[in-house]
Amino acid sequence: MSDHEKIVILTGAGLSAESGLSTFRDAGGLWAQHRIEDVATPDAFAKDPALVLDFYNKRRAQAAAAHPNAAHYALADLQQNHPGEVILITQNVDDLLEKAGAQPIHMHGALASALCFHCKNRWTFTGDMHQTTPCPACGRQTVRPDIVWFGEMPYSMDDILTHLETCTLFASIGTSGRVYPAAGFAQLAQDIGAQTIELNMEATSPQFHARRIGPATDTLPKWVSDLLQR
């Protein structure tokens, strides 16, 4: 691989599963206790904000207590040491990539961030969020988790599409490939002639040129080592 290759990587919930953060489909996890329609849509927040805030308070506490695993550190290593450009796009709302030393684009927002739906102010947020939590900019009690819910437009899509249109290698890691627009990223990369690879517990789509099957903590360090020619 040339030193000037541009790698774009999409990560999903499978990246953080081995750090103890449950995915949508994990039995017994937080998501198993609620329907998506009840906790992850704008309508759900309008209908029962206390329930939605409590759900995300629990997710925020879990994420704050979690630690990066070998897969997070491998991606940080690649971003820091690959001679070409490495763009990390994550669907995850935890900050484990940052804790490992990486700099990702959070297309679905972040648990450690709050959003005022009155003045659109964003700020770093820890602890529990309540209906009476004020916005530090406008003072109104119009605060919500800075999370992209189902039915909302993901963040940074213009930048993401620009990166996809200029990459030479696209990798999809630990994501089901079922939720758009992210599910279409591999095809977009292929359309401009990029190589594509999937690293996951199982194959999700035939549209990848290559794949590595297994736990992220096993496949990611080996893949990064190969890319860095170690």
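In which sense, and over how many bridges, do strand 4 and strand 5 pair? The exercises below start from this question.

The model is predicted, so local features need pLDDT of at least 70 and side-chain atom pairs count only at pLDDT 80 or more, while totals for chains, interfaces and linings use all residues. Residues are numbered from 1 along each chain as its sequence is written, and side-chain values use heavy atoms, with hydrogens and water left out.

**Exercise 1. Work out how the strands of the open sheet are arranged, starting from strand 4 and strand 5.**

Solution. Strand 4 (residues 109–116) pairs with strand 5 in the antiparallel sense, over three bridges. Two strands count as paired if DSSP finds at least two bridges between them, and helices (H or I, at least four residues) and strands (E, at least two) are DSSP runs numbered from the N terminus. One of the bridges can be located by residue, as L115 has R122 in strand 5 as its bridge partner. The next step is to place the pair in its sheet, which is open, has three strands in the order 5-4-6 and is paired antiparallel. Strand 5 (122–124) and strand 6 (143–147) stand at the edges with a single partner strand each, so one side of each has no neighbour in the sheet. From one strand to the next, the twist averages 40°.

**Exercise 2. Describe the surroundings of D146, and decide whether this residue is buried or exposed.**

Solution. D146 is found in strand 6. Its relative accessibility is 5%, so D146 counts as buried; buried means under 20% relative accessible area, exposed over 50%, and partly exposed in between, with a 1.4 Å probe and protein chains only. The side chain of D146 makes a polar contact with the side chain of R122 at 3.0 Å, and another with the side chain of Y155 at 2.6 Å. A polar contact is a pair of N or O atoms within 3.5 Å; within protein, one must be able to donate a hydrogen and the other to accept it, and residues adjacent in sequence count only if both atoms are side-chain atoms.

**Exercise 3. Characterise the packing of helix 4 against helix 8.**

Solution. The axes of helix 4 (residues 70–81) and helix 8 (residues 216–227) come within 8 Å and cross at roughly 20°. Axes are lines fitted to C-alpha atoms, for helices over the stretch in contact, and angles run from 0 to 180 degrees between N-to-C directions. Helix 4 and helix 8 are therefore roughly parallel to each other, a term for angles under 35 degrees, whereas angles over 145 count as roughly antiparallel, 65 to 115 as roughly perpendicular and the rest as oblique. For the residues involved, contact means heavy atoms within 4.5 Å, and among those of helix 4 that meet helix 8 are A74 and L78, with L220 and W223 among those on the helix 8 side.

**Exercise 4. Find which side chains make polar contacts with that of S16.**

Solution. S16 lies in the loop between strand 1 (6–11) and helix 1 (36–39), and S16 is buried, with a relative accessible area of 2%. The side chain of S16 has a polar contact of 3.5 Å with that of N92 and one of 2.9 Å with that of D94.

**Exercise 5. Identify what sets the backbone at K120 and at the bond from Y180 to P181 apart.**

Solution. Most residues other than glycine have a negative phi, and most peptide bonds are trans. K120, in the loop between strand 4 and strand 5, has a positive phi of about 70° although it is not a glycine. The peptide bond from Y180 to P181 is cis, with omega near 10°.
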